[in-house]
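Reader: I'd like to walk through this fold piece by piece. Before we start, let's get the ground rules straight.

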Amino acid sequence: MPATPVPPEVDRFLREPNPAVMASLRPGGGPHTVATWYDWEEGRVLISLDDTRLRLRFLEDDPRVSLTVIHPEDWYRHVSLIGEVEELRPDEGLADIDRLSTRYRGGPYGNRTSPRTTAWIRVDRWHGWAGSRLLRDDEAV
């Protein structure tokens with residue numbers, strides 16, 4: 001698995017609002033996965049968590065996480081990012097979930113009553129898959 005930073009082709013892919021699945025660890029060490037919105041900024045991942053969801057508690061207990069970002073037209077083409085949550089903070093005014101909702105849906109997030117937490121993920125390693133083989137550094141996702 002290559003270390004960061006990611007090559008320009010992967011950076012461009014991650015800047016798009018692609019489908020993604022995040023994995024965290026349950027207290028017993030088992031995996032917990034969920035589809036999620038994300039944003040990519042300067043080699044870090046932004047996600048937003050509803051304060052009532054299990055994944056927030058899991059990340060508070062163990063910050064290790066992975067995010068697999070999938071090409072919207074060919075899910076055999078994807079990039080997986082492995083790292084740790086380096087910051088958890090309240091999403092004041094729901095600014096970060098609005099950022100993600102605008103990225104994916106074109107407007108502010110609908111639920112204005114449930115508190116949310118912003119997580120910034122530091123990416124340590126990544127790997128990509130280009131159909132039937134590993135993605136090369138110089139290849140587009």
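Author: Two strands count as paired if DSSP finds at least two bridges between them, and the helices (H or I, at least four residues) and strands (E, at least two) are DSSP runs, numbered from the N terminus. This is a predicted model, where local features need pLDDT of at least 70, side-chain atom pairs count only at pLDDT 80 or more, and totals for chains, interfaces and linings use all residues. Residues are numbered from 1 along each chain as its sequence is written, while side-chain values use heavy atoms, with hydrogens and water left out.

Reader: Okay, strands then. Which residue in β2 stands opposite leucine 25?

Author: Leucine 25 is part of β1, on the face where the side chains are not buried. β1 runs antiparallel to β2, and five bridges join them. In that pairing, leucine 25 sits across from proline 31.

Reader: And what does alanine 23 stand opposite in β5?

Author: Alanine 23 gets a partner from two strands. On the β2 side, its bridge partner is threonine 33. Going the other way, β1 and β5 run antiparallel with four bridges, and there alanine 23 faces serine 66.

Reader: Which side chains of β1 point to the buried face?

Author: Buried here means under 20% relative accessible area, exposed over 50%, and partly exposed in between (1.4 Å probe, protein chains only). The side chains alternate along β1: Val21, Ala23 and Leu25 point to one face and are not buried. On the other, buried face you'll find Ala20, Met22 and Ser24.

Reader: There's a hairpin between β1 and β2. Which glycine there takes a positive phi?

Author: The hairpin has five residues between its strands. One residue in that loop is partly exposed, at 47% relative accessibility, and its C-alpha atom is 9.4 Å from that of aspartate 62, 33 residues apart along the chain. With phi near 100 degrees, the residue you want is glycine 29.

Reader: What about positive phi outside glycine? Where is glutamate 42 found?

Author: Most residues other than glycine have a negative phi. Glutamate 42 goes positive, at about 50 degrees. It counts as exposed because its relative accessible area is 73%. You'll spot glutamate 42 in the loop between β3 and β4.

Reader: Then there's leucine 94: buried or exposed?

Author: Leucine 94 is also a residue other than glycine with a positive phi, near 60 degrees. Its place is the loop between β6 and α3. Since its relative accessible area is 8%, leucine 94 is buried.

Reader: On to the interior. Which element gives the most residues to the largest nonpolar core?

Author: A nonpolar core is a set of buried Ala, Val, Leu, Ile, Met, Phe, Trp, Tyr and Cys residues joined through side-chain atoms within 4.5 Å. The largest one has 23 residues, and Leu14, Tyr38, Trp40, Val45, Ile47, Leu67 and Leu81 touch the most other members. At least two residues each come from α1, β1, β4, α2, β5, β6 and β7. The top contributor, with four residues, is β7.

Reader: Which residues is valine 45 in contact with, leaving aside neighbours within four places in sequence?

Author: Contact means heavy atoms within 4.5 Å. Valine 45 is one of the core members that touch the most others. Its list is Tyr38, Asp39, Trp40, Leu67, Leu81, Ala119, Trp120, Ile121 and Val123.

Reader: How many residues are in the other core?

Author: This core lies apart from the largest one. Its members include Leu46, Leu94, Ile97 and Leu100. The count is five.

Reader: What do the buried residues of α3 pack against?

Author: In α3, the buried residues are Asp96, Ile97, Asp98, Leu100, Ser101 and Arg103. Right after the helix comes glycine 106, with a positive phi near 90 degrees. The packing partners of the buried residues are α1, β3, β4, β6 and β7.

Reader: One last thing: which residues does aspartate 98 touch, not counting those up to four places away in sequence?

Author: Aspartate 98 sits in helix α3. It counts as buried because its relative accessible area is 16%. The residues it touches are Gly93, Gly107, Pro108, Tyr109 and Arg112.
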